[in-house]
Amino acid sequence: MGYRVVVAGATGNVGREMLNILAEREFPIDDIAVLASARSTGDEIEFGETGRMLKVKNIEYFDWAGWDIALFAIGSEATAIYAPKAAAAGCTVIDNSSLYRMDPDVPLIVPEVNPQAIDGYRKKNIIANPNCSTAQMVVALKPLHDAATIKRVVVSTYQSVSGAGKAGMDELFEQSRNIFVGDPAEPHKFTKQIAFNVIPHIDKFLDDGFTKEEWKMVVETKKILDPKVKVVATCVRVPVFVGHSEAISIEFENEISAEDAQKILREAPGIMLVDKREDGGYVTPVECVGDFATYVSRVREDPTVENGLVLWCVSDNLRKGAALNAVQIAELLGRRHLQKAA
Ligand SMILES: NC(=O)c1ccc[n+]([C@@H]2O[C@H](COP(=O)([O-])OP(=O)(O)OC[C@H]3O[C@@H](n4cnc5c(N)ncnc54)[C@H](OP(=O)(O)O)[C@@H]3O)[C@@H](O)[C@H]2O)c1
């Protein structure tokens, strides 16, 4: 016996990837509904690569009663309207927006890091999925934290345009084409030209000069991994379609060598270590697209601090950063609480 599953935002970047991953991982499904706004009601989308076509329904008129799990990827504004309705009807919401992440009554889960925290989900019947950059970083940090206790993290991100939804991908494509044919490359979605450029700004500016994306990496890492870990982030948008990269400097309480870290990371759940210390012996974003793993490369000791490491971390932001993590949460929920599947 399987679940009755809803994917809200099924026409978007993350929603489509959720359908792919539910199909790839053979999530036990008895019935599936795909929702979006009035804009795409009636459109047909494929359930992964199964050949099964699903008709998009308007979320406004959807009856949530009798559905077990809803994977949400519709942005904070629409989530604020529909997540409480779904949750009140008994359908557990796993949300990708930032709306509930810091709510003390909502667990924020990365299954490789804090699976036990899911037990608090009943307070609101909602579980939050972290920001894409946080998700891959905490997967890499967790086994190292367990081994040598992390004190401080300094991270610079290189985030792909798909993190800004379909519109971000369209803007990179169109600007690149326009530049090649000599047409103007006006920014619309991003604040400056993204094609052949990098932009040190994601989400809105806060009073202290950091951006909200940078703030999210700080507070979400504390909530998921350990409130004692200090984090400072610089988040940068780069002209890559899919796949976020991060250069991470880590200071530890205890001694840990690069060799120890490599051994630990090689065994850690969710991680693929590719670290050959030679030309091409590392992973780049185009190579991680469509994969489940969080890749770690270029692990080395930081000679400027007492116990420090530096590493490179790459993952498919639409997968581990969003859709895969959400499906893993659904699997965890099933195992620990719903126990309906065979
Ligand atoms: N992209 C990432 O790397 C990433 C990572 C983590 C979290 N997230 C979060 O995931 C969510 C979706 O992101 P995305 O990248 O998939 O965006 P996207 O490609 O722009 O897709 C947005 C989806 O939301 C639907 N939608 C928008 N407004 C709606 C409304 N009022 N009612 C119902 N459906 C509505 C759209 O449906 P229509 O077709 O009807 O417009 C579409 O299916 C956002 O909250 C985002 O912050 C994204």
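Here are some worked exercises on a predicted model of a protein chain.

**Exercise 1. Getting an overview**

Task: Find how many helices and strands the protein chain has, and decide what its radius of gyration says about the fold.

Solution:
- Step 1. Begin with the elements: the protein chain holds 8 helices and 13 strands.
- Step 2. Turn to the overall dimensions. The C-alpha trace spans about 60 × 55 × 40 Å along its principal axes.
- Step 3. Compare with a compact globule. For 342 residues such a globule would have a radius of gyration near 20 Å, and the protein chain has 20 Å, so the two agree.
- Step 4. Look at burial and contacts. Of the 342 residues, 54% count as buried. Among contacts with a separation of 6 or more, 67% are between residues 24 or more positions apart.

**Exercise 2. Reading the open sheet**

Task: Work out the order of the strands in the sheet of 7 strands, then name its edge strands.

Solution:
- Step 1. Write down the order: the 7 strands follow one another as 3-4-2-1-5-6-7 in an open sheet, and the pairing is mixed.
- Step 2. Read off the two ends. Strand 3 (44-46) and strand 7 (126-128) are the edge strands, each pairing on one side only.
- Step 3. Add the twist. On average, neighbouring strands of this sheet are turned by 30 degrees against each other, direction ignored.
- Step 4. Zoom in on one pair. Strand 1 (residues 3-8) and strand 2 (residues 29-36) run in the parallel sense and share 6 bridges. Within this pair, V7 stands opposite V34 of strand 2.
- Step 5. Place the helix. Helix 1 (residues 13-24) lies across strands 1, 2, 3, 4 (53-58) and 5 (69-72), and its direction makes an angle of about 155 degrees with strand 1.

**Exercise 3. Following a salt-bridge network**

Task: Starting from R319, find its salt-bridge partners and say which residues share one network.

Solution:
- Step 1. Take the pair with E17. Its closest N and O atoms to those of R319 are 2.6 Å apart, making a salt bridge. This pair links distant parts of the chain, since E17 sits in helix 1 and R319 in helix 8 (residues 319-338), 302 residues apart.
- Step 2. Take the pair with E24. The side chains of R319 and E24 also meet in a salt bridge, at 2.7 Å from N to O. Here too helix 8 is linked with helix 1, over 295 residues.
- Step 3. Check the surroundings. R319 counts as buried because its relative accessibility is 3%, under the 20% cut-off. E17 is buried as well, whereas E24 is partly exposed with a relative accessible area of 44%.
- Step 4. Look at another pair, R25 and E331, whose closest N and O atoms are 2.8 Å apart in a salt bridge. R25 lies in the loop between helix 1 and strand 2, and E331 lies in helix 8, 306 residues apart. R25 is partly exposed at 28% relative accessibility, while E331 is buried at 18%.
- Step 5. Put the network together: shared partners join E17, E24 and R319 into one network. The full count comes to 13 salt bridges.

**Exercise 4. Strand 13 and its partners**

Task: Which strands pair with strand 13, among them strand 10 and strand 12, and in what sense?

Solution:
- Step 1. Pair strand 13 (residues 308-315) with strand 10 (residues 244-252): the sense is antiparallel, over 8 bridges. One bridge joins H244 to S315 of strand 13.
- Step 2. Pair strand 13 with strand 12. This pairing is also antiparallel, over 6 bridges, and R300 has V310 of strand 13 as its bridge partner. A hairpin of 6 residues joins strand 12 to strand 13.
- Step 3. Judge the cover. Strand 13 is mostly covered, with 7 of its 8 residues buried.

**Exercise 5. Locating E301**

Task: Is E301 buried or partly exposed, and which residues does E301 touch?

Solution:
- Step 1. Find its element: E301 belongs to strand 12 (residues 294-301).
- Step 2. Classify it. E301 is partly exposed because its relative accessibility is 47%.
- Step 3. List its contacts. Leaving out residues up to four places away in sequence, E301 touches S257, A258, E259, G308 and L309. A polar atom of the E301 side chain lies 2.7 Å from the backbone nitrogen of A258.
- Step 4. Compare with F27. The C-alpha atoms of E301 and F27 are separated by 41 Å, with their positions 274 residues apart along the chain.

Notes: Residues numbered from 1 in each chain as written. Predicted model: local features only at pLDDT ≥ 70, side-chain atom pairs only at ≥ 80, totals over all residues. Heavy atoms only, no water. Pairing = 2+ DSSP bridges. Helix = DSSP H or I, 4+ residues; strand = E, 2+ residues; numbered from the N terminus. Axes fitted to C-alpha atoms, helices over the stretch in contact; angles between N-to-C directions. Contact = heavy atoms within 4.5 Å. Buried < 20%, exposed > 50% of the residue type's maximum accessible area, 1.4 Å probe, protein only. Polar contact = N/O pair within 3.5 Å; in protein donor to acceptor, adjacent residues only side chain to side chain. Salt bridge = Lys/Arg side-chain N within 4 Å of Asp/Glu carboxyl O. Rg over C-alpha atoms; globule rule 2.2 N^0.38 Å.
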